[in-house]
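Reader: Before we discuss what surrounds the ligand, could you show me the model and explain the terms as we go?

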Amino acid sequence: MQTIIEPFRIKSIEPIRMTTRQERETILRAAHYNLFALSAEDVLIDLLTDSGTGAMSSEQWAAVMRGDESYAGSASWKRFEKMVKAVFGFEFVIPTHQGRAAERILFSIMCKEGDTVPNNTHFDTTRANVEYQGAMAIDLVIPEGKVPEAIHPFKGNLDTGALEQLIAEVGPEHIPLIMITVTNNSLGGQPVSMANIREVAAIAHRHDIPLYFDACRFAENAFFIKLREEGYEEKTVKEIVTEMFSYADGCTMSAKKDGLANIGGFLCTNDAALAQQEKDLLILTEGFPTYGGLAGRDLDAIAVGLEEVLHEDYLTYRLASTRYLGEHIAREGIPIVQPPGGHAIYIDARAMLSHIPPQQYPGQALACELYLEAGIRSLEIGSVMFGKTEAGGVEDTPAEMELVRLAIPRRAYTQSHVDYLVEAIISVFERRQDIRGMKLTWQAPYLRHFTAKYEWV
Ligand code: F0G
């Protein structure tokens with residue numbers, strides 16, 4: 001059979017609610033054109049994020065009932081720790097309530113003022129946590145990674161030449177760790193190849209610098225390696241994951257993505273002294289080291305999710321459903337980051353709305369139009385998220401790209417939902433010349449996209 005189907009059937013449903021265009025206009029105005037400020041019940045198809053928004057399986061819900069809520073040494077913790085070690089292979093596992101808590105603990109211990117942390121591309125919370133320590137977050141993705149229309153099988157790869165140059169310039173003693181984000185979320189959910197991981201690890205270890213993964217979408221990355229990298233066709237996803245993580249000294253993880261859970265995360269390391277420091281800080285802010293801010297039932301749901309996410313029928317469906325959306329809109333001429341990534345499709349708003357300058361946030365304008373058109377919630381990843389007004393400046397220095405991300409929650413929507421999305425996006429595309437830019441009327445000092453207020457220009 002050629003048709004790829006959802007490898008599950010549905011036994012519990014959640015109604016979603018249609019609104020009229022007129023209702024949506026009122027709602028969006030009241031939200032100051034910030035989609036984070038909408039009530040979820042006013043959204044029809046929610047593509048704001050793939051983080052914590054997926055559907056859990058019946059086995060995960062069964063595991064929730066097995067959750068042991070003992071404060072210390074619970075059976076849930078034992079099952080969680082065993083599964084994390086089996087999948088990722090690190091010696092020490094530190095549970096956290098989500099990915100950014102793992103980041104905060106890692107960077108507060110490893111980074112100090114004046115340090116530099118290279119990454120293929122920092123996610124926004126990762127960058128903010130590095131910068132909060134007074135360190136510099138440097139993005140070193142390969143040049144193809146920054147060209148939306150460029151086709152490359154591993155557009156998330158880290159530029160090893162640029163890495164060598166950075167190490168020579170700042171000195172290895174000022175680089176406390178190197179990070180690789182799999183898949184590269186900020187620039188299109190693009191994978192990193194095993195060859196690149198191996199090369200970066202060799203450079204890091206030659207300079208005695210630890211290598212960490214931001215592992216959020218590790219299973220999707222591993223499946224791309226299986227599909228696209230020579231020599232991995234016959235390997236199981238589990239074997240590929242084992243090899244990937246064998247090159248690293250640790251990782252941060254948000255279990256809200258490839259943990260197939262609604263909350264949770266962890267931090268891993270092979271360094272006993274570091275693990276001790278991390279646990280000490282964990283107790284101060286997250287919780288005792290056998291629960292780290294999570295309920296026992298969450299730990300159990302993650303343990304099952306980490307096993308299910310490696311199933312190849314799941315990963316086949318996952319990548320196919322994302323690709324289906326991308327291919328159907330690209331075929332109509334809508335510019336997207338090519339090739340389609342693992343968890344999301346990214347529309348190139350700079351190319352689609354070329355009449356709107358970056359200072360008028362074409363990505364935010366497009367995200368608002370998609371909501372007005374069809375009740376779709378998406379996310380601007382452009383000059384709102386990454387642009388900055390320098391001290392003393394009046395205008396933003398724009399981001400390198402103006403993208404709108406359509407993130408696909410795991411196992412939550414079916415193909416007819418995607419067909420609806422395709423129709424809505426095409427309809428907005430057809431009237432693109434009439435879309436106006438936006439201006440900020442209020443912004444917070446950092447991570448401004450979460451709370452900013454806007455008006456149409
Ligand atoms: N790293 C990456 C690559 C991420 O995509 C995220 C979250 C995090 C770290 C932080 O994890 O949310 O559990 O604290 N990304 C979500 C998104 C929020 O929508 O892409 P968290």
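Author: This is a predicted model, and the term to settle at the outset is the polar contact, which is a pair of N or O atoms within 3.5 Å.

Reader: What makes the approach of Thr49 to the ligand a polar contact?

Author: A polar side-chain atom of Thr49 lies 2.6 Å from an oxygen atom of the ligand, and the cut-off is 3.5 Å, so this pair counts as a polar contact. By the 3.5 Å cut-off the pair formed by a polar backbone atom of Gly99 and an oxygen atom of the ligand, at 2.8 Å, therefore counts too. Asn185 places a polar side-chain atom 2.8 Å from an oxygen atom of the ligand, and this pair is therefore also a polar contact. The protein covers 94% of the 470 Å² of accessible area that the ligand has on its own.

Reader: Why is the space taken by the ligand called a cavity?

Author: A cavity is a set of points, found over the protein atoms alone, where a 1.4 Å probe fits but cannot get out, and the space taken by the ligand is the largest cavity. Helix H4 (99-110) and helix H5 (124-132) are the elements that give two or more residues to the shell around the ligand, and H4 gives the most, with three residues.

Reader: What makes seven residues of the shell around the ligand count as charged?

Author: Asp, Glu, Lys and Arg count as charged, and by class the shell has two nonpolar, nine polar and seven charged residues. Among the 18 residues around the ligand, those that come nearest are Thr49, Arg100, Asp214, Lys257 and Arg405.

How values were computed:
Residues numbered from 1 in each chain as written. Predicted model: local features only at pLDDT ≥ 70, side-chain atom pairs only at ≥ 80, totals over all residues. Heavy atoms only, no water. Near = heavy atom within 4 Å. Polar contact = N/O pair within 3.5 Å; in protein donor to acceptor, adjacent residues only side chain to side chain. Areas by Shrake-Rupley, 256 points an atom, 1.4 Å probe, with all protein chains shown as cover. 1 Å grid on protein atoms, 1.4 Å probe; cavity = no way out; pocket = protein on both sides within 12 Å on 5 of 7 lines; lining within 4 Å. Sits in = over half its atoms within 2 Å of the grid points. Helix = DSSP H or I, 4+ residues; strand = E, 2+ residues; numbered from the N terminus.
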